[in-house]
Amino acid sequence: MKHQLDFEKPIAELQRKLEELRKHPETHALGVSFEAEIASIEQKIAETSKHIFSNLSAWQRVQLARHPKRPFTLDYLKTTFTDFSELHGDRLFAEGRALVGGFARLNGDRVMVVGTQKGRDTKENIQRNFGSAHPEGYRKALRLMRLADKFGLPIITLIDTAGAYPGIGAEERHIAEAIAVNLREMMLLSVPIVAVVIGEGGSGGALGIGVADRVLMLENAYYSVISPEGCAAILWKDRAAASKAAEALKITAKDLLELRLADEIVPEPLGGAHNDIPTAASTLKRHLVANLTQLQRMSAEERLKARYDKFRAHGHFVEKSVAGGDGQPMSVV
């Protein structure tokens with residue numbers, strides 16, 4: 001099993017035994033038929049896989065979200081969508097290759113798709129800046145979304161980034177301002193918007209294309225204000241505490257659905273989207289079509305109000321009265 005994660009070792013061991021048995025059938029146990037032994041191991045693999053992937057911790061889901069074989073935006077553009085025509089440049093500075101976008105068709109209907117894109121190897125990762133966009137990437141995304149709004153096309157964003165690029169060049173070209181403008185303008189676009197976290201949803205880098213009428217998350221994706229390693233380094237002074245941080249941050253799709261920060265979970269094939277990309281793409285398509293159909297039944301005014309109310313409702317606090325220094329009650333959040 002290539003790119004094997006630690007918790008997948010029991011499955012990998014069983015698969016290794018199965019491969020050896022098929023290569024050398026003469027070594028199978030005496031008194032047991034070859035076919036029966038094959039079937040027994042295959043059943044064990046299925047049972048072990050189901051047990052492991054039904055009980056994943058938050059940190060294990062983070063590892064799956066970062067899996068190098070996981071489908072990226074361009075993979076979904078070849079499977080979930082058709083007739084993709086990529087558009088380039090922000091018309092201000094440069095082409096931001098960590099963000100891709102353009103016209104496409106979903107179930108035959110025209111849409112605008114914008115998404116973050118990582119690389120498969122070192123060369124492509126350097127070209128894509130490891131999926132961490134510069135300001136020109138966010139300005140390109142906004143240009144395409146405004147174009148979609150002009151022509152009345154629904155917008156779909158696919159999020160898979162550890163965060164926006166924090167380098168000196170990005171700061172000089174005002175990365176924070178670029179993201180902030182996207183947040184404001186996406187709130188005002190009149191067309192339906194659906195955002196999907198397909199892998200990593202890191203901080204402002206994800207939010208820069210994440211303001212939407214519906215926010216969906218793939219089952220093994222995560223969405224967080226900070227990476228588990230970054231949180232561990234701040235709170236525990238040790239990045240090795242990342243698993244503890246991942247649990248505390250409540251960053252999985254299930255947690256965020258319960259907190260009403262995500263609207264829907266898109267199921268993945270057993271073992272993750274990379275194990276069966278066609279099925280993952282088909283499932284995503286079904287959820288996108290269903291959500292866009294619902295949103296298109298609403299008027300633009302209804303969508304804008306619902307979008308505003310949705311984000312205004314985010315965040316919860318508890319007010320508790322405690323005694324002050326003078327003995328009088330104080331309100332503490």
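Biologist: What volume does the largest pocket have?

Modeller: Keep in mind that this is a predicted model. The largest pocket comes out at about 330 Å³. Its lining takes in 15 residues, and L207, Y223, S224, V225 and L261 are the closest to the centre.

Biologist: Which secondary structure elements each supply at least two residues of that lining?

Modeller: Two to look at here: helix 9 (203-207) and strand 7 (222-224). Helix 9 gives the largest share, three residues. As for chemistry, the lining splits into nine nonpolar residues, five polar ones and one charged.

Biologist: Let's zoom out. How many helices and strands does the chain have?

Modeller: The count is 14 helices and ten strands. If you want a box for the C-alpha atoms, take roughly 75 × 65 × 45 Å along the principal axes. Of the 333 residues in the chain, 46% are buried. Contacts are worth a look too: among those between residues at least 6 apart in sequence, 68% join residues at least 24 apart.

Biologist: And how should I read the nonpolar cores?

Modeller: The general idea is that nonpolar side chains tend to be buried together in soluble globular proteins. In this model, the largest nonpolar core has 58 residues, and the members touching the most others are Y76, F81, V196, L218 and L288. There is also a second, separate core of 13 residues, with L21, I52, L56 and L64 among them.

Biologist: Which residues is L288 in contact with, leaving aside its neighbours within four places in sequence?

Modeller: L288 contacts T80, F81, L106, I156, V194, V196 and L216. Two names on that list, F81 and V196, also appear with L288 among the core members that touch the most others.

Biologist: Now a single helix. Which residues of helix 11 are buried?

Modeller: Helix 11 covers residues 242-249, and its buried residues are A242, A245 and A246. They sit on the same side of helix 11, because they cover an arc of only 100° around the axis. Their packing partners are helix 3 (58-65) and helix 10 (228-235).

Biologist: What happens just after helix 11?

Modeller: K250 comes there, with a positive phi of about 55°. To read that, recall that most residues other than glycine have a negative phi.

Biologist: Where else should I look for a positive phi?

Modeller: Try D83, which is not a glycine yet has a positive phi of about 55°. D83 belongs to strand 1 (residues 82-86). Then there's H174, again not a glycine, with a positive phi of about 70°. You'll find H174 in the loop between helix 7 and helix 8 (175-188).

Biologist: Why does D83 count as exposed, and why does H174 count as partly exposed?

Modeller: Exposed means over 50% relative accessible area, and buried means under 20%, with partly exposed in between. D83 has 57% relative accessibility, so D83 counts as exposed. H174 has 49%, so H174 counts as partly exposed.

Biologist: Is I168 buried or exposed?

Modeller: I168 is exposed, because its relative accessibility is 64%. This residue is in helix 7 (residues 168-172).

Biologist: How far apart are I168 and E86?

Modeller: In sequence, I168 and E86 are 82 residues apart. In space, the C-alpha to C-alpha separation of I168 and E86 is 28 Å.

Note on methods:
Residues are numbered from 1 along each chain as its sequence is written. This is a predicted model: local features need pLDDT of at least 70, side-chain atom pairs count only at pLDDT 80 or more; totals for chains, interfaces and linings use all residues. Side-chain values use heavy atoms; hydrogens and water are left out. On a 1 Å grid over the protein atoms alone, a cavity is a set of points where a 1.4 Å probe fits but cannot get out, and a pocket is an open set with protein on both sides within 12 Å along at least five of seven lines; lining residues have an atom within 4 Å of a point. Grid points are joined across faces, edges and corners, and a volume is the space filled by probe spheres set on the points. Helices (H or I, at least four residues) and strands (E, at least two) are DSSP runs, numbered from the N terminus. Ala, Val, Leu, Ile, Met, Phe, Trp, Tyr, Cys and Pro count as nonpolar, Asp, Glu, Lys and Arg as charged, and the others, Gly among them, as polar. Buried means under 20% relative accessible area, exposed over 50%, partly exposed in between (1.4 Å probe, protein chains only). The arc is that of the directions from the helix axis to the C-beta atoms. Contact means heavy atoms within 4.5 Å. A nonpolar core is a set of buried Ala, Val, Leu, Ile, Met, Phe, Trp, Tyr and Cys residues joined through side-chain atoms within 4.5 Å.
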